[in-house]
Amino acid sequence: FNGGKILTQIFIVWMGTYAIAINAIASSLAGAMQIPANALSLTIITVVGICIGSGNVDEARKFTKSFLVLSSMSFIVMGLIILPLFHPLISLFDPPAEIIDDIFLVILINTLVQIPIWSMSFITPSALRAAGDAKFTSIVSMLTMWFFRVVMGYILGVVFGWGVLGVWIAMDLEWGVRGIIFLKRFYGKKWLQHKLI
């Protein structure tokens with residue numbers, strides 16, 4: 001999985017100094033937007049673990065759905081805070097004027113995509129892992145990383161010449177595919193069939 005992330009970074013390095021700067025600054029702002037959602041992703045492991053441990057599957061499902069909604073709402077709130085403050089925040093990095101519009105485009109698209117997709121891709125697998133379904137989530141994450149983020153990142157970013165935006169769109173695409181697979185698993189019963197101590 002980390003090897004795939006390194007490869008996507010290599011694609012960006014090939015694109016030059018401006019691309020590296022766009023990616024670094026956009027990653028910092030996107031990371032700030034993800035703080036509340038990441039906290040929820042960690043919290044749900046304990047919540048679902050307790051529910052599954054006590055044999056209360058319905059509560060585990062209910063809490064997971066609630067956390068999915070809360071996580072998506074957190075992206076709306078963070079987007080409404082960070083996007084209007086884009087120029088003051090971006091001035092802290094003192095980027096070249098030529099790349100400011102590119103950074104904004106990457107952040108804008110990623111912010112809109114994160115609202116419905118990030119939660120499916122990160123909250124759901126945390127719930128699945130809490131029930132002992134770690135093998136499935138690990139395999140899916142690794143396969144989608146290589147088949148979508150790496151391959152599509154190369155095609156969109158390098159072959160099609162979309163640059164950093166192409167790599168980020170490939171990442172968003174991977175989140176979407178992974179999220180759909182995890183949601184399908186969550187609404188089934190296989191993730192509940194693990195024997196935990």
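Let's start with a salt bridge. The side chains of Arg149 and Glu174 meet, with 2.7 Å from N to O. This pair ties together distant parts of the chain: Arg149 sits in helix α7, Glu174 sits in helix α8, and 25 residues separate them in sequence. One caution before I go on. This is a predicted model.

Are these two residues buried or exposed? Arg149 is buried, at 9% relative accessible area. Glu174 is buried too, at 0%.

Glu174 has a second partner. That partner is Arg178, and here the closest N and O atoms are 3.1 Å apart. Both residues belong to helix α8, four residues apart, or about one turn of the helix. Arg178 has 3% relative accessibility, so it counts as buried. The cut-off for that is under 20%. Put the two bridges together, and Arg149, Glu174 and Arg178 form a linked network.

How many salt bridges does the whole structure hold? The search finds four. Let me show you one from elsewhere, for contrast in setting. Glu59 pairs with Lys62, and their closest N and O atoms are 3.3 Å apart. These two are three residues apart in helix α4, so about one helical turn separates them. In general, an α-helix has 3.6 residues a turn, so residues three or four places apart point the same way. Now the accessibility. Glu59 is partly exposed, at 24%. Lys62 is partly exposed as well, at 45%.

Stay on helix α4 for a moment. The helix covers residues 57-82, and Thr64 is in it. Thr64 is buried, with a relative accessible area of 0%. What does Thr64 touch, beyond residues up to four places away in sequence? The answer is Ile44, Val48, Ile123, Ala127 and Phe186.

Back to the network, and what surrounds it. Look at Ser121, in helix α6. Ser121 counts as buried, at 1% relative accessibility. Its C-alpha atom is 8.8 Å from that of Glu174, although their positions lie 53 residues apart along the chain. Set aside the neighbours within four places in sequence. Ser121 then contacts Trp175, Arg178, Gly179 and Phe182. Arg178 is the network residue we just met, bridged to Glu174.

Gly176 is another place to look, again in helix α8. Gly176 is buried, with a relative accessible area of 11%. Which residues does Gly176 touch, once those up to four places away in sequence are left out? They are Ile117 and Met120. Take Met120. Gly176 and Met120 are 56 residues apart in sequence, yet 7.6 Å apart in space, C-alpha to C-alpha.

Next, helix α7, home of Arg149. Does the length add up or fall short? Here is the arithmetic. At 1.5 Å a residue, the 26 residues of α7 should span 38 Å; the end C-alpha atoms are 35 Å apart, which agrees. The helix does have a kink. The bend is about 35°, centred on Met145. Met145 is also among the buried residues of α7. Others in that buried set include Thr137, Val140, Ser141, Thr144, Arg149 and Val150. There are glycines in the set as well, Gly153 and Gly157. What covers them? The cover includes α1, α6 (97-130) and α8 (164-187). After α7 comes Gly161, with a positive phi, near 75°.

Last stop, the surface. There is a nonpolar patch of about 810 Å². Which residues make it? Ile6, Ile10, Trp14, Tyr154, Val158, Val159, Phe160 and Trp162 do. Two helices, α1 (2-14) and α7 (134-159), each supply at least two residues of the patch. Trp14 is one of the patch residues, and its place is in α1. Trp14 is exposed, with a relative accessible area of 56%.

So what should you keep in view? Helix α7 carries buried residues, Arg149 among them, and also supplies residues to the nonpolar patch. Helix α1 is part of the cover over the buried residues of α7, and supplies patch residues too. And at the salt-bridge network, Arg149, Glu174 and Arg178 are the residues to find on your screen.

Note on methods: Residues numbered from 1 in each chain as written. Predicted model: local features only at pLDDT ≥ 70, side-chain atom pairs only at ≥ 80, totals over all residues. Heavy atoms only, no water. Buried < 20%, exposed > 50% of the residue type's maximum accessible area, 1.4 Å probe, protein only. Contact = heavy atoms within 4.5 Å. Patch = residues over 30% accessible without salt bridge, like charges linked within 9 Å, V, L, I, M, F, W, Y side chains within 5 Å. Areas by Shrake-Rupley, 256 points an atom, 1.4 Å probe, with all protein chains shown as cover. Expected span 1.5 Å × (residues − 1). Bend = angle between axes of the 7 residues up to and from the residue.
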